[in-house]
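These are my notes on a structure that I had not examined before. I set down what I looked up, entry by entry.

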4 protein chains.
Amino acid sequence: MSYDVGSRLSDLRRAFHRHPEPGWREFRTTARVVEELERIGVDEIAVGRDALATDERMAVPPESELEPWLERAREAGVRSDILERTAGGHTGVIAVLEQGPGPCIGIRVDLDAISMRESSESDHRPAADGFRSEHDGYMHACGHDAHVAMALGTLEAVADSEFQGTLKVFFQPAEEISGGGKAMAESGYLDDVDYLLALHIGLDHPTGEIVAGIEKPLAMAHLTATFEGASAHAGKAPNEGANAMQAAATAIQNAYGIPRHSDGLTRVNVGQIEGGTASNVIAEEVTIEAEVRGETTALMEYTRTELERVCYAAAEMHDCDVTPRVISESPSVDSHPALRDLVGNVAWDVDGVERVISSEEFGVSEDVTYLMERVQDDGGFASYVLVGTDHPTSHHTPTFDIDESSLAIGTSLLSETAIELSQRPV
Amino acid sequence: MSYDVGSRLSDLRRAFHRHPEPGWREFRTTARVVEELERIGVDEIAVGRDALATDERMAVPPESELEPWLERAREAGVRSDILERTAGGHTGVIAVLEQGPGPCIGIRVDLDAISMRESSESDHRPAADGFRSEHDGYMHACGHDAHVAMALGTLEAVADSEFQGTLKVFFQPAEEISGGGKAMAESGYLDDVDYLLALHIGLDHPTGEIVAGIEKPLAMAHLTATFEGASAHAGKAPNEGANAMQAAATAIQNAYGIPRHSDGLTRVNVGQIEGGTASNVIAEEVTIEAEVRGETTALMEYTRTELERVCYAAAEMHDCDVTPRVISESPSVDSHPALRDLVGNVAWDVDGVERVISSEEFGVSEDVTYLMERVQDDGGFASYVLVGTDHPTSHHTPTFDIDESSLAIGTSLLSETAIELSQRPV
Amino acid sequence: MSYDVGSRLSDLRRAFHRHPEPGWREFRTTARVVEELERIGVDEIAVGRDALATDERMAVPPESELEPWLERAREAGVRSDILERTAGGHTGVIAVLEQGPGPCIGIRVDLDAISMRESSESDHRPAADGFRSEHDGYMHACGHDAHVAMALGTLEAVADSEFQGTLKVFFQPAEEISGGGKAMAESGYLDDVDYLLALHIGLDHPTGEIVAGIEKPLAMAHLTATFEGASAHAGKAPNEGANAMQAAATAIQNAYGIPRHSDGLTRVNVGQIEGGTASNVIAEEVTIEAEVRGETTALMEYTRTELERVCYAAAEMHDCDVTPRVISESPSVDSHPALRDLVGNVAWDVDGVERVISSEEFGVSEDVTYLMERVQDDGGFASYVLVGTDHPTSHHTPTFDIDESSLAIGTSLLSETAIELSQRPV
Amino acid sequence: MSYDVGSRLSDLRRAFHRHPEPGWREFRTTARVVEELERIGVDEIAVGRDALATDERMAVPPESELEPWLERAREAGVRSDILERTAGGHTGVIAVLEQGPGPCIGIRVDLDAISMRESSESDHRPAADGFRSEHDGYMHACGHDAHVAMALGTLEAVADSEFQGTLKVFFQPAEEISGGGKAMAESGYLDDVDYLLALHIGLDHPTGEIVAGIEKPLAMAHLTATFEGASAHAGKAPNEGANAMQAAATAIQNAYGIPRHSDGLTRVNVGQIEGGTASNVIAEEVTIEAEVRGETTALMEYTRTELERVCYAAAEMHDCDVTPRVISESPSVDSHPALRDLVGNVAWDVDGVERVISSEEFGVSEDVTYLMERVQDDGGFASYVLVGTDHPTSHHTPTFDIDESSLAIGTSLLSETAIELSQRPV
């Protein structure tokens, strides 16, 4: 190619980096992806509602939190037909490229950013080079901007190749809040996918290193619980209240005490709390946001059940009510060894790859597992691939950045794997 | 007088009722009081900064919470000279009426409202008769509107009477948050007060009933404590955090377990909490709002010291930092028996009074105790008087209301007491 | 009398002091009382089973703890007829002295000692003068030895007097564990009692001071709760257990957090705990001993109900079972003002009395309230009288002792009150 | 051999089974081992004090708990020279067999039983066949009786073989309480050991199955902590106490909340508690027995440090003192792969072996790790071998039993491994 792929990928990534949008609010990001797809010329573009099983969406924020982002996108000039199809928390796109008979290969990337104020220090390259977040308080601090760029690059590369078969790229919304995975898994577009590749950049792997397939992503559930008691004057008649504050504190203390499990790793956290109205009033209502994880889906479910029990008992202890509610959830699914092996073999031939790790335990959660589970339950193969990149600081920090030379590596790996699969299916 | 006092008092009370303002934000209320004082024609009006020892103010909200109320007052046409003197949390007025030689008598009332949405039901008279709160979400649900009306009525009545001496009326801001008492006590205006009368309406006493002096108001302190830890990924490395959520929960559990005291009643409450950023992040910061009370100042201080110890130990347990800070505070002071007796005697002669209770335990807190303590420490006498009123529901509820016929009773009681004291000092 | 009453009372008190026996194990003490009663020559002596409503006994220890004390008494030469009637936790005596027509007057004293090792220091008079406890680890550290001596002295004095009527003395067992009061109250012997006098020495009142009647003894309940879970290997499979240790800790934390009550003083304490088998085993069983108190019986019952709720919820939280059980209990009963006044009047004429306090709040619990309640429910009058004594250290300490000159004061007060009541009933 | 090895091993195992003794009290067991060693005719027998670094013993019970077992052994006819050398908690033996030049091979087995009442049901073979525990309340419920029998059988087999080198057998006391490992590791006898084999029977592996070397035994520490406060009357003046019960409950709640660690498995448990004197007294002293474990020694130490922090902060919170003390401890050490491989190879040739597992994670703790660590730190190799046996119920249950046909398998495996090592050292 006479064309500078590296620079093209880098430009794309920077464009997405400048306009980070949180889960279910990726209006502008979705639109930009659509435009790129139109430019590339794929066979089908399913936007928003068409790309999602609406009822399976999780963790959708209230309209009041969606609206300002829609407005912002509209003001930035986003096409109204795209806004219409994505309004109300229906972001995301699926692209379909058909190149004759052959296997159907899926690639899944994620669109959303997190709420974090990006560093403006001069040694933070996005700040120095002028592509720092323009949405103050939000940032692509996890690398999803790079994922999207690589997916678009892959489509382009595959379209230009001898690839025979179908390539579907799933641009999933709301990964950070485990909200979009299930809705995309149930969209119908996954039904004929034979091989699914998911992707993450970095995660402490340097540029040139590839992990062919991760294992043991943690199954996860995010729960919210509101303890509802009765207020009373704390000086005059504390006994007339039902103290939601004491109920919440008891629940928190005991949540962290849920027994470790013999079958493997579990996690529990109460990460957010809010409640009560004044220091002199027995708190009527206190809400906690909690999550549980497990090395297997069963371990996560064990911990979730225990957490629910803890909440109910804590409420009862202080004469309060509570109904813990699951906001979002994702299972644990391993990469398939055969697909993993194929990815590993392809990787050795990719320019810039210096080390290939066959498999690694993941240790965190990802709702792509819904898509992986769906494909593997239907007899397909899935693998979650890590593309190393030198990153100066950890993911989810204000100075997170990537080495953009890894964009070409990831793009090549994905496209070469797709081509290899179309020729020599495993 | 040919003039209908009852209706005049009622009109005043309703005017204040329509425009409730929370503590340190009583810009419009202060201005209205000033206008009334100018109309009555008192000898000195100390407004805002002049009426307060600025450094002794407690619980002053940040400028960002003051500003909108100042704006609202400005838009409502409040005089800019008054706004200038009250800006930045300097609300309140002191009126001085001089009528020759004689004792100096003080009366203290309070200006602020609470944050509560007033009922709009048709059986709630302020709603039915068109004087419901026009500041949505705020309400005179404790009767301070009535206090102010009675104080103004008293000034007028005393001005017209044979009273000899000086009458000072302290229109104190921020009583509900125990913020203004100390600042007014230290304003200098209290230094020559021989007798101080404080006032509350209702408190479960019906119209026609007077309590000549309360005893054992609870000493109180409001504390805030922010537990500061370190965030970490709750799935990947919970051990790398310092969990402010666990620290707060431990503090809450143990706060309520502070030992009851042999010397008398104590109270402790954690009434508000907020912290953490997401369910999957170890909480870096959690803030609690707490209060302690005691039947005596010493008992309150015992409980406060224990609460501080609990906070420090809870922080240490989870490797967090904390510095509990007292936001506001008030001592416990009893009414003076001699002044109480005089009020009781006067009360029997007031029209509409059917029952006089000599003394009653108070059971709640009031920062007028700073003023009472100041007067009594200097050898003066203070009494906190309850003026009964039929109130359909409890104070601090959305349907709180008063029987306006009690306004005349309270006004007469205060003015007659002042006159009696000028003639026969105790 | 030519006879040295002081020395006689002192000898008696010392004899009881030397042989302290804990609740329901006062075999030797009971026998010694019986011998004294036989010497005095009363009209009826109800021993053990005859003096108790067997089913109403509370806090009776298991046979294995009773037996050694019975054996010890047998070895000390206690008459077998008395042992037969008191075996199995049936200690106590009621003496009836009939002297013609007239009111029936009851006096109640208590027999039991506590488990505490008496001081052997030379400045502890019982040690110096050779009447230190001979039952190592047990001690009359509350003054019951003095109570018994005064009751016997009173019987003797009344028998020799012009008293007309019936005098019944209730030598109650197991006061310290609130075990014997109800059983004696329901024995039938109380049914015709018109006036009941109960008695305590000391309680920080010096020799020469009398409190004619106490008020507000705390109602009390002693509960035991065993949390029953399931053991498991703490290293291998903590999740397979049901952790009774966590359940107990949760219960304790929340027990102390039971809300203070607007109606008055409450208390809660978990004073004893035991459970688990080894550090590496999830605890299957943990037992707590707790108590609740209240200024009124209703307040105690509120606290007891809350404590039970706390226990149930804590068990549920950790998948354990629990059934809190009330071991013993006593209500709150005030002294009758009329009887209190009469006692106060009589007291002024007693030799050695220098100060009479009409009434005092009690602040602790006493199961004589069962007897007082019974008498007053039937229309009679009861008063709980304090007889001051200089005591070098607090009750329930190893160096507790009394000023024996107070024995004559207490004896005179009781006998003179009985005589006065027989002549001028209130 | 014409001689029935199976029956001989079985007789030995049953003899030990009949007389279980807990840690540091294996007086009779030690003596019986000595007698067997004398019969076999080894070259050196180090008994008790000679086999231990006295100062390194851990978890030695107080003399009052040792004495009754010494007496019982004396009454059973144990030789006084052996009792002298083992008195005061110095049980254990080391046997040395020297057969010319060659490597020094160590085998370690354990002597102690646990406190558990053995089943007397007829379907429990030890009960049916008459070798049930004669020490009621104690039982060989972990298989140490089998370990000792196999070690003696191995000595005999090796003595009769072509083995060239030195064989040392370490009969270690107090394994169950992690008390004896370090003392034997530091005895000096381990200094020249080139290869160390440790041994466990069962652990859910059936007869015929061998695990050649375990990995990741959990590092472990057992801690005791006494919270020391001040007692006070719970009704009269709870504020005068310093509540050790609240301190302990707070510590327990927070101990279970110690964060899970990103580096691997941790465990924490509070398995035993005792304290307080009565329900109506603020508890002055409460003692907890706790343990922490970790997949690595560092993880155990992290958890131990956190637990100590929790204890200190809980004490401080309630104005108590505490000094957590480590009672016993053991590191985590993996089996050496080379030695593991050799054991695995030998195993395939042992009669009765049907399956050889190369390696397995252990999941529990064992203080043989002190010996393994010592050998491997000096450049030697150690492996912890599992010998399968059909066991009807779990270890540490009243019906635990083994399939005695596994005794010959274990004996052959050990002796053949020793012989192999003397001929072809790894």
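The entries below treat the chain contacts, a sheet and a pair of helices.

**Entry 1. Status of the model.** I note at the outset that this is a predicted model.

**Entry 2. Chains A and B.** I asked by what turn chain B can be laid on chain A. The answer is a turn of 180° with a shift of 0.0 Å along the axis, and the RMSD is 0.1 Å. I then looked up how many residues the contact takes from each chain, and found 37 residues from chain B and 37 residues from chain A. On the side of chain B that touches chain A, I found that α8 (244–255), β9 (266–275) and β10 (285–294) of chain B each supply at least two residues. Of the elements of chain B, β9(B) gives the most to this side, with eight residues. By character, the residues of the side of chain B that touches chain A are 16 nonpolar, 15 polar and six charged. I also compared the two sides: 100% of the interface residues of chain B are also interface residues in chain A, so the copies meet through the same surface.

**Entry 3. Strands across the A and B contact.** Having seen the part played by β9(B), I looked for its partner in chain A. Strand β11 of chain A, residues 266–275, pairs with β9(B) in the antiparallel sense over three bridges. Within β9(B), E274(B) stands opposite E274(A).

**Entry 4. Chains B and C.** I repeated the superposition for this pair. A turn of 180° and a shift of 0.0 Å along the axis lay chain C on chain B with an RMSD of 0.0 Å. That is the relation of a two-fold axis. I asked which C-alpha of chain C is nearest the axis. It belongs to G257(C) and is 2.4 Å from the axis. The same surface serves both copies here, since 100% of the contact residues of chain C recur in chain B. This contact takes five residues from chain C and five residues from chain B. On the side of chain C that touches chain B, I recorded one nonpolar, two polar and two charged residues.

**Entry 5. A sheet across chains C and D.** I traced an open sheet of eight strands with antiparallel pairing. Its order is β13(C)-β10(C)-β12(C)-β11(C)-β9(D)-β10(D)-β8(D)-β11(D). At the edges stand β13 (325–330) of chain C and β11 (325–330) of chain D; each has a single partner strand, so one side of each is left without a neighbour in the sheet. The twist averages 20° from one strand to the next. I then followed the edge in chain D: strand β8 of chain D, residues 219–228, pairs with β11(D) in the antiparallel sense over five bridges. In this pair, S330(D) of β11(D) stands opposite M220(D).

**Entry 6. Two helices of chain D.** I asked at what angle helix α8 (residues 244–255) and helix α9 (residues 297–317) of chain D pack. The angle is about 150°, with the axes 8 Å apart. Angles over 145 degrees count as roughly antiparallel, and α8(D) and α9(D) are therefore described in that way. The crossing of α9(D) by α8(D) is right-handed. Among the contact residues I listed A247(D), T250(D) and N254(D) from α8(D), and L307(D), V310(D) and M317(D) from α9(D). The residues of this contact divide into nine nonpolar, two polar and no charged.

Terms used
Residues are numbered from 1 along each chain as its sequence is written. Chains are lettered from A and ligands numbered from 1 in the order in which they are written. This is a predicted model: local features need pLDDT of at least 70, side-chain atom pairs count only at pLDDT 80 or more; totals for chains, interfaces and linings use all residues. Copies are superposed by least squares on the C-alpha atoms of residues with pLDDT of at least 70 in both. Two residues are in contact if their C-beta atoms, placed from the backbone, lie within 7 Å. Axes are lines fitted to C-alpha atoms, for helices over the stretch in contact, and angles run from 0 to 180 degrees between N-to-C directions. Helices (H or I, at least four residues) and strands (E, at least two) are DSSP runs, numbered from the N terminus. Angles under 35 degrees count as roughly parallel, over 145 as roughly antiparallel, 65 to 115 as roughly perpendicular and the rest as oblique. A crossing is left-handed if the near helix is turned anticlockwise from the far one by less than a right angle, and right-handed if clockwise. Ala, Val, Leu, Ile, Met, Phe, Trp, Tyr, Cys and Pro count as nonpolar, Asp, Glu, Lys and Arg as charged, and the others, Gly among them, as polar. Two strands pair if DSSP finds at least two bridges between them.
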